[in-house]
Amino acid sequence: RHMSIYGYEKDTTPNLRNLENALIYTRAYTNSGNSRASTVSVLTGKSPLKTELMSSLQILRGGDSFDHLPAILRTLGYVI
């Protein structure tokens, strides 16, 4: 509610405003209550319930630890 890109009177998001052809969502929902599980979900395409990554103390195990975007890109020759 304090972002000028959504109508706030102060210019709080000048870089976002300058993006051309950007999509601006007025409603977005996360699939987890914490950033780590949400980020892993984006990279794997799997829900936190499937990966069982619900807290910051957990890690990906089994096939999930290799079945994610960075690993797929690495096998295609991409490097960080």
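These notes go through the predicted model, from the overall fold down to one residue.

1. Start with the fold. The protein has four helices and zero strands. Read from the N terminus, the order of elements is α-α-α-α. The radius of gyration is 17 Å, well over the 12 Å that the globule rule gives for 80 residues, so the protein is more spread out than a compact globule.

2. Now look at the outer dimensions. Along the principal axes, the C-alpha atoms fill a box of roughly 50 × 30 × 20 Å.

3. Next, burial and contacts. Of the 80 residues, 19% count as buried. Take the contacts with a separation of 6 or more: residues 24 or more positions apart account for 7% of them.

4. Turn to the surface. The accessible surface of the protein comes to about 6800 Å². Carbon and sulfur atoms hold 57% of that area.

5. Check the charges too. The protein has 9 positive and 6 negative charges. The mean positions of the two groups are 5 Å apart.

6. Finally, pick out one residue, E52. Where does E52 lie? Find the loop between helix 3 (48-51) and helix 4 (69-75), and E52 is in that loop. Is E52 buried or exposed? E52 counts as exposed because its relative accessibility is 58%, and the cut-off for exposed is over 50%.

7. Compare E52 with R36. In sequence, the two are 16 residues apart. In space, E52 and R36 are 12 Å apart, C-alpha to C-alpha.

How values were computed:
Residues numbered from 1 in each chain as written. Predicted model: local features only at pLDDT ≥ 70, side-chain atom pairs only at ≥ 80, totals over all residues. Heavy atoms only, no water. Helix = DSSP H or I, 4+ residues; strand = E, 2+ residues; numbered from the N terminus. Rg over C-alpha atoms; globule rule 2.2 N^0.38 Å. Buried < 20%, exposed > 50% of the residue type's maximum accessible area, 1.4 Å probe, protein only. Contact = heavy atoms within 4.5 Å. Areas by Shrake-Rupley, 256 points an atom, 1.4 Å probe, with all protein chains shown as cover. Lys, Arg positive; Asp, Glu negative; His and termini not counted. Charge placed at Lys NZ, Arg CZ, Asp CG, Glu CD.
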